[in-house]
Amino acid sequence: MRVLARGAIWSVDGTHLGRDAFGTAAVGEIVRDVASTQSLGISIGPPPDSQEVVVLLQRVVEATGECPLVVSMDNGPENLDAVVQWCRRQGIVLLRNLPHTPQHNP
């Protein structure tokens, strides 16, 4: 599938970056525009919870001045609860992809 309209679909994905000296995992979360593959927002820190993903998405909305029609993400625990409610309140379609399947992300 090719997405031709910038801002129509955002993709959210995380990646394990390593561990600090105390053994705490470092995770990078990224929000990308699917059509342009432009990175819209990035966070780095310990594994995020659902509320922290919402904060990242809300920051991107505030920075870009727009909401996407669709947000694509996997079914990880950080992408449940608050994320589902936030998308519902914003009128955004939540499209699930398979975890550990990078070809599903831009």
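The questions and answers below concern a predicted model.

Q: In what order do the five strands of the open sheet lie?
A: Strands of a sheet pair through backbone hydrogen bonds, either parallel or antiparallel. In this sheet the pairing is mixed, and the twist averages 20° from one strand to the next. The order of the strands is β3-β2-β1-β4-β5.

Q: Which are the edge strands of this sheet?
A: An edge strand here pairs on one side only. The strand order is β3-β2-β1-β4-β5. The edge strands are therefore β3 and β5.

Q: How many bridges join β1 to β2?
A: Strand β1 covers residues 9-19 and strand β2 covers residues 25-33. The two strands run antiparallel, and Gly-14 has Glu-29 in β2 as its bridge partner. They form a hairpin with five residues between them, and in its turn Gly-23 has a positive phi of about 90°. The number of bridges joining β1 to β2 is nine.

Q: Which residue in the turn between β2 and β3 has a positive phi?
A: Strand β3, residues 39-45, pairs with β2 in the antiparallel sense over six bridges. Val-31 stands opposite Gly-41 of β3 in this pairing. The two strands form a hairpin with five residues between them. The turn residue with a positive phi, about 60°, is Thr-37.

Q: Do β4 and β5 run parallel or antiparallel, and how many bridges join them?
A: Strand β4 spans residues 70-74, and β5 spans 93-97. Met-73 stands opposite Arg-96 in β5. The two strands run parallel, and the number of bridges is five.

Q: Which element supplies the largest share of the largest nonpolar core?
A: In soluble globular proteins, nonpolar side chains tend to be buried together. The largest nonpolar core here has 16 residues, and those with the most contacts inside it are Val-12, Val-31, Leu-57, Met-73 and Trp-86. At least two residues each come from β1, α1 (50-64), β4 and α2 (82-90). The largest share, six residues, comes from α1.

Q: Which residues does Val-12 touch, not counting residues up to four places away in sequence?
A: Val-12 is among the residues with the most contacts inside the largest nonpolar core. Two others in that group, Val-31 and Leu-57, are also touched by Val-12. The full set is Glu-29, Ile-30, Val-31, Val-53, Leu-57, Val-71, Ser-72 and Met-73.

Q: Within what arc do the buried residues of α2 fall?
A: An α-helix has 3.6 residues a turn, so residues three or four places apart point the same way. In α2 the buried residues are Ala-82, Val-83, Trp-86 and Cys-87. Seen down the axis of α2, they line one face of the helix, because they fall within an arc of 130°.

Q: Which exposed residues does the face of α2 turned away from its buried side carry?
A: The buried residues of α2 have a cover that includes α1, β4 and β5. The face turned away from them carries the exposed residues Arg-88 and Arg-89.

Q: Why is there no bond between the sulfurs of Cys-67 and Cys-87?
A: A disulfide needs two cysteine sulfur atoms within 2.5 Å, and a search of the whole structure finds zero disulfides. Cys-67 is partly exposed at 31% relative accessible area, whereas Cys-87 is buried at 1%. The sulfur of Cys-67 is too far for a bond because the closest cysteine sulfur, in Cys-87, lies at 8.9 Å.

Technical notes
Residues numbered from 1 in each chain as written. Predicted model: local features only at pLDDT ≥ 70, side-chain atom pairs only at ≥ 80, totals over all residues. Heavy atoms only, no water. Helix = DSSP H or I, 4+ residues; strand = E, 2+ residues; numbered from the N terminus. Core = buried A, V, L, I, M, F, W, Y, C linked by side-chain atoms within 4.5 Å. Buried < 20%, exposed > 50% of the residue type's maximum accessible area, 1.4 Å probe, protein only. Contact = heavy atoms within 4.5 Å. Axes fitted to C-alpha atoms, helices over the stretch in contact; angles between N-to-C directions. Arc of directions from axis to C-beta.
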